[in-house]
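Work through the exercises below with the model open. Each task is followed by a solution in steps.

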Amino acid sequence: MIKGFPTRKDSIILAAIDIINEKGIQGLSTKEIALKQGISESLLYKYFNSLDEVLVAVIEYFSQFDDMIGNTVLKRDISYKEKILEAIKSLVELYESYPALASITLNYETLMNYNHTKEIAKDIINERLGFLEKVVEMGKDNGEFENYYTSKELAIIIMGTFRSLIMNWKMSGYEFQIKKEVLTVIKKILERA
């Protein structure tokens, strides 16, 4: 769990993330959340009206760092390739500090099947890809990237690689250094871009 003093609502969201990590989205229920929190289901409903609302809050919690990371990286006086590496590094460090977040990334396909989370999940994916496309495009304008890949293709390659490495990390029981692995592979991709 991320360190600090979360509110009850935040604690419920974090408990839901932990349950998704342990049992998948199908294993998430108000009963499981209440049990993990040591509270009654009725108290849970004081903070969230439904399980759907909890799931939306989980996705919003997961994505709250994206804008902050993007804005911080864009302001840095470094190359565009380094901006991409810094953004990916920040995401990986977030996952390292709270590995259960990896399960949210790995459950996007499932989240796309629920009416209440479909658009939010789609927006997060599109925003992450859009950020990478924007940085690549700026790098192309600056002569830093070749034109072999379009900005969109390179963004998809980077995000696909990131997601695959995160999946391997989770399947291994978080046994290898994910930051080192991700940054090594993404750096190699960017060297050839």
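**Exercise 1. An aromatic pair within one helix**

Is Tyr61 buried or exposed, judged by its relative accessibility? Then describe how the rings of Tyr61 and Phe65 are arranged.

Solution. The model is a predicted one.

Step 1. The relative accessibility of Tyr61 is 12%. Buried means under 20%, so Tyr61 counts as buried.

Step 2. Phe65 has a relative accessibility of 18% and therefore counts as buried.

Step 3. Tyr61 and Phe65 both belong to helix H4, 4 residues apart, which is about one turn of the helix.

Step 4. A search of the whole structure gives 6 aromatic pairs. In the pair of Tyr61 and Phe65, the ring centres are 6.1 Å apart and the planes stand at 90 degrees. Planes over 60 degrees apart count as edge-to-face, so the pair is edge-to-face.

**Exercise 2. An aromatic pair between two helices**

Classify the ring pair of Tyr95 and Phe162, and state where its two members lie.

Solution.

Step 1. The ring centres of Tyr95 and Phe162 are 5.8 Å apart, with the planes at 40 degrees. Stacked requires under 30 degrees and edge-to-face over 60, so this pair is tilted.

Step 2. Tyr95 is in helix H5 (residues 80-97) and Phe162 in helix H9. With their positions 67 residues apart in sequence, the pair links distant parts of the chain.

Step 3. Tyr95 and Phe162 are both buried.

Step 4. Together with Phe62 and Tyr108, Tyr95 and Phe162 form one aromatic cluster.

**Exercise 3. The packing of H1 and H4**

Determine how the axes of H1 and H4 are oriented and which kinds of residue make up their contact.

Solution.

Step 1. Two packed helices are described by the angle between their axes and the distance between the axes.

Step 2. For helix H1 (residues 8-23) and helix H4 (residues 51-75), the axes come within 9 Å and cross at roughly 90 degrees. Angles of 65 to 115 degrees count as roughly perpendicular, and H1 and H4 are therefore roughly perpendicular to each other.

Step 3. On the H1 side, the contact is made by Ile13, Leu14, Ala16, Ile17 and Ile20. On the H4 side, it is made by Val54, Leu55, Ala57, Val58 and Tyr61.

Step 4. By class, the contact of H1 with H4 has 10 nonpolar residues, no polar ones and no charged ones.

**Exercise 4. Val56 and Ile120**

Compare the burial classes of Val56 and Ile120, and list their contacts beyond neighbours within four places in sequence.

Solution.

Step 1. Val56 lies in helix H4, and Ile120 in helix H8 (residues 115-141).

Step 2. The relative accessible area of Val56 is 16%, so Val56 is buried. Ile120, at 21%, counts as partly exposed; the cut-off for buried is under 20%.

Step 3. Outside its sequence neighbours within four places, Val56 is in contact with His116, Thr117 and Ile120. On the same terms, Ile120 is in contact with Val56, Ile59 and Glu60.

Step 4. Ile120 and Glu60 are 60 residues apart in sequence, and their C-alpha atoms are 7.9 Å apart. Val56 and Ile166 are 110 residues apart in sequence and 22 Å apart, C-alpha to C-alpha.

**Exercise 5. Positions in and after H9**

Place Met159, Ser164 and Tyr174 in the fold, and give the burial class of each.

Solution.

Step 1. Met159 is in helix H9 (residues 151-171). Its relative accessible area is 16%, so Met159 is buried. Apart from neighbours within four places in sequence, Met159 is in contact with Arg128, Leu129 and Leu132.

Step 2. Ser164 also lies in helix H9. At 42% relative accessibility, Ser164 counts as partly exposed. Ser164 and Leu106 are 58 residues apart in sequence and 9.0 Å apart in space, C-alpha to C-alpha.

Step 3. Tyr174 sits in the loop between H9 and H10. With a relative accessible area of 27%, Tyr174 is partly exposed. Tyr174 is not a glycine, yet its phi is positive, at about 60 degrees.

**Exercise 6. Confidence**

Which helices have the lowest and the highest confidence?

Solution.

Step 1. The average pLDDT of the chain is 91, and 97% of the residues score at least 70.

Step 2. Confidence is lowest in helix H7 (residues 108-111), with a mean of 83, and highest in helix H10 (residues 178-191), with 96.

Note on methods: Residues are numbered from 1 along each chain as its sequence is written. This is a predicted model: local features need pLDDT of at least 70, side-chain atom pairs count only at pLDDT 80 or more; totals for chains, interfaces and linings use all residues. Side-chain values use heavy atoms; hydrogens and water are left out. pLDDT is the predictor's confidence in each residue, from 0 to 100. Axes are lines fitted to C-alpha atoms, for helices over the stretch in contact, and angles run from 0 to 180 degrees between N-to-C directions. Angles under 35 degrees count as roughly parallel, over 145 as roughly antiparallel, 65 to 115 as roughly perpendicular and the rest as oblique. Contact means heavy atoms within 4.5 Å. Ala, Val, Leu, Ile, Met, Phe, Trp, Tyr, Cys and Pro count as nonpolar, Asp, Glu, Lys and Arg as charged, and the others, Gly among them, as polar. Buried means under 20% relative accessible area, exposed over 50%, partly exposed in between (1.4 Å probe, protein chains only). Rings of Phe, Tyr and Trp (its six-membered ring) pair if their centres lie within 6.5 Å; planes under 30 degrees apart count as stacked, over 60 as edge-to-face and the rest as tilted.
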